[in-house]
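Biologist: Thanks for sitting down with me over this one. Could you bring up the chain so that we can go through it together?

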Amino acid sequence: MSEKKILIVDDDESVRGMIVRVLQKTVYRLFPVQSGEAALAFLERGNEFDLIITDVNMPGGISGIEFLQIVRANEDYRHVASIMMADESMPNILDICVRLNADFLLKPLSSSALLHNVHECLGWKYSEADS
């Protein structure tokens, strides 16, 4: 089984750190970045990922929604699994996720929900023992 690679995109260092802390206990290879621009640079260098986890709201640049729209428009990355994260104040986020073929995680994140969604997106069976 090959190591699954996950691109983590969030402008909030504490959220990125939490995701890394939870997922570093797994067999995944993690690539945390702080902006949509940095994530695009990773993709433009030919890096391939099995999953993209992105925040929806990233001020001052490309939002998570814009980033995933760009990803979905690229033939090489169109089918990469993705998870979008937002708090409940984001209007129509579930509709946006459906349109972009992305799963959704509600912030603040729980480690069990994060692990469950990541494993599910990557086709792995999740159990509470994993958390």
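Modeller: Gladly, and please keep in mind that this is a predicted model. A good place to begin is D10, which is buried, with a relative accessible area of 0%.

Biologist: Which residue forms a salt bridge with D10?

Modeller: D10 lies in the loop between strand 1 and helix 1 (13–23), and its partner lies in the loop between strand 5 (103–106) and helix 5 (111–121), so the pair ties together parts that are 97 residues apart in sequence. The closest N and O atoms of the pair are 3.0 Å apart. The partner of D10 is K107.

Biologist: Is K107 buried or exposed?

Modeller: The cut-off for buried is under 20% relative accessible area. K107 comes out at 18% relative accessibility, so K107 counts as buried.

Biologist: Which residue of strand 3 does K107 pair with, and what is the distance between the closest N and O atoms of that salt bridge?

Modeller: Strand 3 covers residues 51–55, and the residue there that pairs with K107 is D55, 52 residues away along the chain. D55 is buried too, with a relative accessible area of 5%. The salt bridge between K107 and D55 has its closest N and O atoms at a distance of 3.1 Å.

Biologist: Which residues are linked in a network of salt bridges?

Modeller: K107 forms a salt bridge with D10, and K107 also forms one with D55. The network therefore links D10, D55 and K107.

Biologist: How many salt bridges does the structure hold?

Modeller: Besides the pairs of K107 with D10 and with D55, the side chains of E75 and R78 meet in a salt bridge, at 3.4 Å from N to O. E75 sits in the loop between helix 3 and strand 4 and is exposed at 55% relative accessibility, while R78 is partly exposed at 30%. The number of salt bridges in the structure is three.

Biologist: Let's turn to the nonpolar side chains. Which residues touch the most other members of the largest nonpolar core?

Modeller: That core has 27 residues. Strand 1 (5–9), strand 2 (29–33), helix 2 (36–44), helix 3 (64–73), strand 4 (81–86) and helix 4 (93–99) each supply at least two of them. Another core, of 20 residues, lies apart from it, with Y28, I53, A81 and L105 among its members. In the largest core, the residues that touch the most other members are L7, F67 and M84.

Biologist: Which residues from 100 onward is M84 in contact with, leaving aside neighbours within four places in sequence?

Modeller: The contacts of M84 include T54, V56, G64, I65, L68 and C97. Further along the chain, M84 is in contact with L100, A102, D103, F104 and L105.

Biologist: Within what arc do the buried residues of helix 2 fall?

Modeller: The buried residues in helix 2 are G36, A39, L40, F42 and L43. An α-helix has 3.6 residues a turn, so residues three or four places apart point the same way. Seen down the axis, the buried residues of helix 2 line one face of the helix, because they fall within an arc of 155°.

Biologist: What covers those buried residues of helix 2, and which residue just after helix 2 takes a positive phi?

Modeller: The cover includes strand 1, strand 2 and helix 3. Just after helix 2, a positive phi of about 85° is taken by G46.

Terms used. Residues are numbered from 1 along each chain as its sequence is written. This is a predicted model: local features need pLDDT of at least 70, side-chain atom pairs count only at pLDDT 80 or more; totals for chains, interfaces and linings use all residues. Side-chain values use heavy atoms; hydrogens and water are left out. A nonpolar core is a set of buried Ala, Val, Leu, Ile, Met, Phe, Trp, Tyr and Cys residues joined through side-chain atoms within 4.5 Å. Buried means under 20% relative accessible area, exposed over 50%, partly exposed in between (1.4 Å probe, protein chains only). Helices (H or I, at least four residues) and strands (E, at least two) are DSSP runs, numbered from the N terminus. Contact means heavy atoms within 4.5 Å. A salt bridge is a side-chain nitrogen of Lys or Arg within 4 Å of a carboxyl oxygen of Asp or Glu. The arc is that of the directions from the helix axis to the C-beta atoms.
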